[in-house]
Amino acid sequence: MDSSALANHPLAPYGWDSRWAAALAAIPSPPPGLEPARVVVELRRHYYAVVTASGELLAECTGKFHHDAQREPAAFPAVGDWVAVTPSPGAEGRAQLHAVLPRRSRFCRQSAGGEQSQQLIAANIDVVFLVSGLDRNHNPKRIQRFLVAARDSGAEPVIVLNKADLHDDPESVRTEIQRLVPGVPVLVTSSQTRRGLKLLGGHATAGRTLAFVGSSGVGKSSLINRLARDAELPVGEVREKDAKGRHTTTRRELVLAPSGALIIDTPGMRELQLWDADEAVEIAYSDIVTIALRCRFTSCLHEDEPGCAVRAAIADGTLPVERLASYRKLKAEQAAKAPSLRKPSAVASKPGWRKKADERSAKPFRHLHHRED
Ligand code: GDP
Ligand code: ZN
């Protein structure tokens, strides 16, 4: 398909491009009538509303898909995924879902129970806005964690300092944060006064898929509503008949905004903790982490290694020994657990991005702490 044909593709507004077309074409022995679709919401377990070139369909994974995906929950589609479907014969508005196209980014969370399995929350997010409120004490360290985790997902991070109207000097905060995260856009906004909304809109351009994360109350919904202003749109709801034939409606979780941007807004994304539990421990014990930067060996366990700055701090009374003990205890509890986000392999190979989970636990964020010293 040439690019002009793609620009005219009915799914181009949903982000369909030549790379996706190539991924679809690479599906081995495709069944007749295979066509692309994007997941707009999961209606029930493994049952999705998808948008196709000819409109919206209700798609169910094929038996073969179930069989192949069984052992891997993240193999099942999530909102934002591009999938390959065929119309179900004799069932209008229904489709069979055969495959998920390889994801460009993914946001996962640990499944309840803490086992290794990852629950996929959303896929193929291009830009993730990390929103915090200027009315609260912002925490630069936390923003850094956010950033690393967002990049691990494969999405491009943008930091949003919202509620500018509640701060005397938002620009000074922006400058301070920007120094910590060179090269990352840092925006000051107010959904109240509309300050910065043009800048925000500059990242929310046609065909890009966006998501907003951040603590409750920072203004994510308000910003989304501003962006999707007129988006009570025809795209608000999915209608289907339930088992008893009654009409039911479900809110779409992938919404096409008037700008042409695609906004993913799901409870899972809203609740997402972008830092994992291990990182939360690092934040709580940042004093120890900072002292440990001066240990001679980057792999120092602060036991009997020569040149251990942590043992030295205990010896000279600047670090209570109990504090090291409780830090160790929490670290040990976390050690068994997998990280809360999984990186797609394409991202893992990008220079400058963290490569391996074990590198992280060996020496977390050394470069970041250096900047703060
Ligand atoms: P969410 O939990 O992150 O989705 O936050 P909401 O969008 O629900 O906003 C939480 C509260 O903050 C609401 O009462 C909003 O009206 C308010 N709010 C959101 N953005 C701003 C802002 O820029 N300035 C001020 N003063 N209030 C805001
Ligand atoms: Zn040490």
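**Exercise 1.** Determine how many helices and strands the protein chain contains.

*Solution.* Helices (H or I, at least four residues) and strands (E, at least two) are read as DSSP runs, numbered from the N terminus. The protein chain has 15 helices and 15 strands. The model is predicted: local features need pLDDT of at least 70, side-chain atom pairs count only at pLDDT 80 or more, and totals for chains, interfaces and linings use all residues. Residues are numbered from 1 along each chain as its sequence is written, and chains are lettered from A and ligands numbered from 1 in the order in which they are written.

**Exercise 2.** State which strand gives the most residues to the largest nonpolar core.

*Solution.* A residue is buried if 20 or more other C-beta atoms, placed from the backbone, lie within 10 Å of its own. A nonpolar core is a set of buried Ala, Val, Leu, Ile, Met, Phe, Trp, Tyr and Cys residues joined through C-beta atoms within 7 Å. The largest such core has 73 residues; among those touching the most other members are Val-50, Val-83 and Leu-210. Strand β8 (residues 127-133) gives the most to this core, namely five residues.

**Exercise 3.** Explain why β8 is described as largely enclosed, and identify its partner strands.

*Solution.* Six of the seven residues of β8 are buried, so the rest of the structure largely encloses this strand. Two strands pair if DSSP finds at least two bridges between them. Seven bridges link β8 in the parallel sense to β9 (residues 156-162), where Leu-130 faces Ile-159. Strand β11 (residues 209-213) also runs parallel to β8, joined by four bridges; here Val-128 has Ala-211 as its bridge partner.

Technical notes:
A residue is buried if 20 or more other C-beta atoms lie within 10 Å of its own, exposed if 12 or fewer, and partly exposed in between; C-beta atoms are placed from the backbone.
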